[in-house]
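Trainee: I should be grateful for a close look at one part of this structure, namely its sheet. Please describe how the strands are arranged and what lies around them.

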Amino acid sequence: MKEEEMVPKEFAEEGVAILAERLALLYYAFVRTAIEEFGEEKAEELTKRAISMYGGMSGGRTTETVRAQGLEPLLEHYSKGRDLPAVGWKASSLPIPDGVPDGYARKVEYCPFAKHWRELGFEKWGRLYCGVDQAKYAAYGKGFKCVHDKNMLDGDEYCVVRVERGNTQED
């Protein structure tokens with residue numbers, strides 16, 4: 001990117017924050033509409049299906065982006081697949097779990113989606129959205145297993161997202 005095209009980090013963070021708020025509100029509106037139209041049980045089923053499909057699509061696109069760079073879809077290359085913006089979330093790496101040769105864990109201290117869903121009292125339904133992580137990592141490359149060891153929408157102070165090699169068969 002040319003220097004004259006670069007934007008200040010604060011400007012980029014503000015743009016991501018606005019977009020994250022709008023997406024959180026869109027998800028809220030769709031789920032609320034599904035609840036009103038079909039009731040909670042059917043709305044939950046539909047939401048889980050949609051999030052699984054969306055996560056699979058996201059993981060597949062991440063795989064394509066990584067492979068287009070001539071790289072294998074390994075965890076060390078996941079960030080090169082443009083899954084999420086580099087700004088907007090506050091996350092840090094945690095030590096790799098013992099006995100996990102191909103894995104990592106991240107501590108997420110701020111998630112803009114969780115922020116908005118908590119403000120709306122929408123934790124239960126917002127938590128369903130978090131299933132996107134399991135779906136996208138399962139679809140990425142040869143398939144990985146993702147677990148939320150902690151989640152702000154479950155009442156935890158922060159999220160811990162742990163990922164390790166799952167399916168060893170080529171997708």
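Mentor: What follows is an account of the sheet, then of the helices beside it, and lastly of two single residues.

The model is a predicted one. Its four strands form an open sheet in the order β1-β2-β4-β3, with antiparallel pairing. The edges are occupied by β1 and β3 (144–150); each has a single partner strand, so one side of each is left without a neighbour in the sheet. On average, neighbouring strands of this sheet are turned by 25° against each other, direction ignored. In general, strands of a sheet pair through backbone hydrogen bonds, either parallel or antiparallel.

The individual pairings can be followed residue by residue. Between β1 and β2, which run antiparallel, there are five bridges; here S93 stands opposite R106 of β2. On to strand β4 (residues 159–165), β2 pairs over six bridges, again in the antiparallel sense. Within this pairing, G103 faces E164 in β4, while V108 has C159 of β4 as its bridge partner.

Two helices may be considered next. Helix α5 (residues 132–139) lies across β2, β3 and β4, and runs at about 155° to β3. Helix α3 (residues 112–119) has P112, F113, A114, H116 and W117 as buried residues. The cover over these buried residues includes β2 (103–110), together with α1 (9–38) and α4 (123–129). Thus β2 takes part in the pairing with β1, in the pairing with β4 and in the covering of α3. After α3 comes G121, whose phi is positive, near 65°.

Two residues outside the strands complete the description. T47 belongs to helix α2 (residues 40–68). It counts as buried because its relative accessibility is 7%, below the 20% limit for that class. A polar atom of the T47 side chain lies 2.7 Å from the backbone oxygen of A43. Leaving out residues up to four places away in sequence, T47 touches Y27, V31 and L128.

K80, by contrast in setting, is placed in the loop between α2 and β1 (90–94). With 42% relative accessibility, K80 counts as partly exposed, since that class lies between the limits of 20% and 50%. Apart from neighbours within four places in sequence, K80 is in contact with T65, V66, Q69 and L71. K80 and G141 are 61 residues apart in sequence, and their C-alpha atoms are 13 Å apart in space.

Terms used:
Residues numbered from 1 in each chain as written. Predicted model: local features only at pLDDT ≥ 70, side-chain atom pairs only at ≥ 80, totals over all residues. Heavy atoms only, no water. Helix = DSSP H or I, 4+ residues; strand = E, 2+ residues; numbered from the N terminus. Buried < 20%, exposed > 50% of the residue type's maximum accessible area, 1.4 Å probe, protein only. Polar contact = N/O pair within 3.5 Å; in protein donor to acceptor, adjacent residues only side chain to side chain. Contact = heavy atoms within 4.5 Å. Pairing = 2+ DSSP bridges. Axes fitted to C-alpha atoms, helices over the stretch in contact; angles between N-to-C directions.
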